[in-house]
Amino acid sequence: MKTLIKGATIVACDEQNTVIQGDVVVDNNVIVFVGNDYKEKCDKVIDADGKLLIPGFVNTHCHATMSLFRNLGENTDFSNWWYDVMRPLEAQLQPKDYELGCKLSALEMIRNGITTVTDLYMRSDICAKAFGEYGLRCNISIGAITGQEILDEKELDRQKSTVLKANPNAKIILFAHAIYSCDESQLAEVSRYARLHKLPLTIHCSETMTEVGECYTKYGVTPVGYLESLGFFDGTKTILAHCVHCDRDDVEILKKYDTHISSNPSSNLILASGVAPIYSFMSNGLNVCLGTDGPASNNSLDFFKEMFLLDNLQSGVLNNAKALTCEQTLKCATINGARALGYNNLGMIKKGFLADLVLIDLNGVNMQPLNNNVSAIVNSANPSNVYMTMVDGKVLYMDGKYTFDVDQKALFKECNERITKLKSIAKVN
Ligand SMILES: [Zn+2]
């Protein structure tokens, strides 16, 4: 099936930062034409006049089930939030809760132009199935998710096949929760498995001052130095999430291993963790991508907000309005994330690339007049401007409606009932 997206302002996110007025043709799930005046017949035409076409957002760090815990633990820092609020609630989760939380998050992401999610959580098989049902592209974690797992090749093979059975289109990512929750053997095993099977590897790293301080006290090095000493980065392309508190030596280590950084600015602000040195990472040639983190520490899944914060926090903290360009920031939200996750055909609007595309309606009061396309996306747009979300050539959301069957009212009701129950059992307010 061929779909013609006609007359869009195409923001390609390619090497040349191409912005052109033209047509994009999608054949099944692949972009087959980017240019002007496509003449051949297509099965479907989407009128994109007055709209910006961008690659779909690639969320490189999420815990989607946690949408059930949205707005809980407000005004607490990371430690209180994690140990006193989240852990007791997580201990009570039932299989159905993972499905509910992931479906709620998937709807929010699709509506907000996020086309790929990287989900790192328990019961990853249920999560993978939920994303698959709604058509979201997903990278699903196996590994030391809680730090309680006894890991070896057989166990990781088992986890992998459980996820792929639940959703054959899911991609696997190795995950160790953090250095404070996983022991050395778990860290070594997830790294070894990622290396052996050529899979991406991710971990929360240097998120808080407490984590860095405790690591110094225990091992005499930073979390990045500790992971290096264990051989965690050897032969793998690791995505380090957060990296709020990294020093110059850390940056040198990260450069040595070509490590990717998944920045989660909202979560770092809400939990009072700090502002990551993104400008330093990028000026040292490191690949920076974006994540929402879980909806419990972010309270939403809004990549426009993440882009705005990523870009403007650097300007504010460094007193340098030129710290990041809007083009760089948009790439952090798209192509850089795809690269980090190991895709070589995702995240740009280019012939041969996967058709994960988003149309942004310019016919909104916050988008007029249009003086700068990319600044309008990064600094002015919000999810209400998303007109269409396409994943793998399939339109999932258009003009305010999902294209698949979903009873949102029933889902919201179930989510509310379950979290009320979970809070009462866990004795959390
Ligand atoms: Zn996280």
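Student: Helix 3 and helix 4: how close do the axes come, and at what angle do they cross?

Tutor: In this predicted model, the axes of helix 3 (residues 124-134) and helix 4 (residues 153-166) come within 8 Å, crossing at roughly 25°.

Student: Parallel or perpendicular, then?

Tutor: Roughly parallel: angles under 35 degrees count that way, so helix 3 and helix 4 get that label.

Student: And is the crossing left-handed or right-handed?

Tutor: Right-handed, as helix 3 passes helix 4.

Student: Which residues make the contact?

Tutor: From helix 3 you have S124, D125, A128 and K129, and helix 4 puts in T162, V163 and A166.

Student: How does that contact split by class?

Tutor: Between helix 3 and helix 4 there are three nonpolar residues, two polar and two charged.

Student: Okay, switching to domains. What does the assignment give for the chain?

Tutor: Domain 1 is 2-55 + 347-398, and domain 2 is 57-340, according to the domain assignment.

Student: How far apart are their C-alpha centres?

Tutor: The centres of domain 1 and domain 2 are 28 Å apart.

Student: How many residues does each one bring to the contact?

Tutor: Domain 1 brings 22 residues and domain 2 brings 26.

Student: On the domain 1 side, which elements give two or more residues?

Tutor: Those are helix 15 (373-380), strand 15 (386-391) and strand 16 (394-398). Helix 15 has the largest share of that side, with five residues.

Student: What about the classes on the domain 1 side?

Tutor: Where domain 1 touches domain 2, its residues divide into 13 nonpolar, six polar and three charged.

Methods: Residues are numbered from 1 along each chain as its sequence is written. This is a predicted model: local features need pLDDT of at least 70, side-chain atom pairs count only at pLDDT 80 or more; totals for chains, interfaces and linings use all residues. Axes are lines fitted to C-alpha atoms, for helices over the stretch in contact, and angles run from 0 to 180 degrees between N-to-C directions. Helices (H or I, at least four residues) and strands (E, at least two) are DSSP runs, numbered from the N terminus. Angles under 35 degrees count as roughly parallel, over 145 as roughly antiparallel, 65 to 115 as roughly perpendicular and the rest as oblique. A crossing is left-handed if the near helix is turned anticlockwise from the far one by less than a right angle, and right-handed if clockwise. Two residues are in contact if their C-beta atoms, placed from the backbone, lie within 7 Å. Ala, Val, Leu, Ile, Met, Phe, Trp, Tyr, Cys and Pro count as nonpolar, Asp, Glu, Lys and Arg as charged, and the others, Gly among them, as polar. Domain bounds come from an automatic or database domain assignment.
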